[in-house]
Amino acid sequence: MIAIIGLLVGIAIGILWHPTVPLWLEPYLPIAIVAALDAVAGGFRALMERRFDDRIFVVSFLSNVVIAAFLVFLGDQLGVGAQMSTGVVVVLAMRIFANAAAIRRILFRA
Amino acid sequence: MAEPSEAREALRRLAFTPARPHLVIGLLFLVLGLLVTVALLRPDGDEPWRNARTEDLVQILDDLGARQGRLDAEAARLARLQDDLERGSTVEALAESRRTLEGLQVLTGTTAVYGPGVTITITDPDGAVDSVVLLDAVQELRDAGAEAIQVGSTRIVVDTWFGDGPEGIVVDGQPVPSPIRVLAIGDAEGLAAAMSIPGGVADSVRTRGAEFEASVDESVSISVTVPESAG
């Protein structure tokens, strides 16, 4: 419940405040979003499997975002920023799909 | 693996029970919503190619590359032109002008001259050699390519005049001391040969009973100059 409320409040703040993203943060924004979505999907799957732990969820959420951003930063420094972004997004998307598949199996037996 | 009914139960519990320990999770979702909103509402900016397709971008890049090539060629052409103007024509013209100036300075006698040439000594105790003979000698030297000529202590230039005074030959108003010494700078051998041709200056001097002597020198110095303002 509180998750949905938080999400709505965040969206409302984003729309009303309309913050401008600093330029140096621009490349990390989509990566951070995908990493967070991966953490959410993982948390949801854990919830379905009745082994959800909010501590693990928080840690995985933060570490996912930080690691993904760090990888992109490293890629930028090595001159392969675009490829690294793509790679990170692909890996995270695969994990999201895997989690979604698990959730779907549990919820609908399919 | 949990049973589907149990999972649905958990989902229901999560949705409808006031979740006390999920404050941090709510905060994280707030951040997630904020990020998504910011990403979706990113200002489009004024770059029309932000959402352009790859092919279009390649086309634009090609156009820009071709344009840059043309501009580079133009820049190179202008740089060459500048080069030519600076080094090629102007500097070369300047050097040419300097050479011409040096030549004219030698001819007008405004500068001292050193170089190979001849030293002519006319010993004439009787005063038989007049200005006509001396003028002939100077003309002959000029014809033979003398760059600079000095008679006595006078530099011979364009407007030098020769005359006969009571005490002998006068050049530009200066009496020429005896023996007459003529210095000429130029092709030394050629000058000497011009003096000694049959019926030439040397012969005419000797027929008048005077002595004519021409010696070739590796280094003749004509240091007498005409003031530049005189020209």
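In the predicted model described here, Phe57(A) counts as buried, with a relative accessibility of 5%. The ring of this residue takes part in a stacked pair with that of Phe29(B), since the two centres are 6.0 Å apart and the planes stand at 15°, an angle that falls under the 30 degrees required for stacking. This pair crosses between chains, running from helix α3 of chain A, where Phe57(A) is placed, to helix α2 (residues 23-40) of chain B, which holds Phe29(B). Phe29(B) is likewise buried, its relative accessible area being 12%.

Over all chains, the count of aromatic pairs comes to three. One of them joins Phe57(A) to Phe61(A) in a tilted arrangement, with 6.0 Å from centre to centre and 55° between the planes. The two residues are four positions apart in helix α3 (residues 54-78) of chain A, and therefore about one helical turn separates them. Phe61(A) counts as buried, with 3% relative accessibility. Through ring pairs, Phe57(A), Phe61(A) and Phe29(B) are linked with Phe52(A) into a cluster.

The architecture of chain B provides the setting for the nonpolar core described next. The secondary structure of this chain comprises six helices and eight strands, and its elements, read from the N terminus, follow the order α-α-α-β-α-β-β-β-β-β-β-α-α-β. Of the 231 residues in chain B, 30% are buried, while the accessible surface of the chain amounts to about 14500 Å², with 56% of this area belonging to carbon and sulfur atoms. When contacts in chain B between residues at least 6 apart in sequence are considered, 75% of them join residues at least 24 apart.

In soluble globular proteins, nonpolar side chains tend to be buried together. The largest nonpolar core of the present model contains 28 residues, and Leu141(B), Ile149(B) and Val151(B) are those with the most contacts inside it. Two or more residues are given to this core by each of several elements of chain B, namely the strands β1 (113-123), β2 (148-151), β5 (168-171) and β7 (180-185), together with the helices α4 (131-143), α5 (188-195) and α6 (201-207). The largest share is that of α4(B), from which five residues of the core come. With residues up to four places away in sequence not counted, Leu141(B) touches Val118(B), Ile120(B), Ala146(B), Ile149(B), Val182(B), Ala184(B), Leu191(B) and Met195(B). A second core, separate from the one just described, has 21 residues, among them Ala3(A), Val40(A), Phe57(A) and Val72(A); Phe57(A) is thus a residue of this core as well as a member of the ring cluster.

Helix α4 of chain B also includes Ser131(B), which counts as buried at 8% relative accessibility. If neighbours within four places in sequence are left aside, the contacts of Ser131(B) are with Phe162(B), Gly163(B), Asp164(B) and Ile169(B).

Nonpolar residues are also found together on the surface, where Ile4(A), Leu8(A), Ile11(A), Ile15(A), Leu16(A), Leu40(B) and Leu41(B) form a patch with about 720 Å² of accessible area together. Helix α1 (residues 2-17) of chain A supplies the largest share of this nonpolar patch, with five residues. Ile15(A), which is found in that helix, counts as partly exposed, its relative accessibility being 47%.

Two loop residues are notable for their backbone angles. Arg50(A), although not a glycine, has a positive phi of about 60°; this residue lies in the loop of chain A between α2 (28-48) and α3, and its relative accessibility of 43% makes it partly exposed. In chain B, the phi of Asp172(B), a residue other than glycine, is also positive, with a value near 55°. Asp172(B) is located in the loop between β5 and β6 (174-175) of chain B and, at 30% relative accessibility, counts as partly exposed.

Notes
Residues numbered from 1 in each chain as written. Chains lettered and ligands numbered in written order. Predicted model: local features only at pLDDT ≥ 70, side-chain atom pairs only at ≥ 80, totals over all residues. Heavy atoms only, no water. Phe/Tyr/Trp six-rings, centres within 6.5 Å; stacked < 30°, edge-to-face > 60°. Buried < 20%, exposed > 50% of the residue type's maximum accessible area, 1.4 Å probe, protein only. Core = buried A, V, L, I, M, F, W, Y, C linked by side-chain atoms within 4.5 Å. Contact = heavy atoms within 4.5 Å. Patch = residues over 30% accessible without salt bridge, like charges linked within 9 Å, V, L, I, M, F, W, Y side chains within 5 Å. Areas by Shrake-Rupley, 256 points an atom, 1.4 Å probe, with all protein chains shown as cover. Salt bridge = Lys/Arg side-chain N within 4 Å of Asp/Glu carboxyl O.
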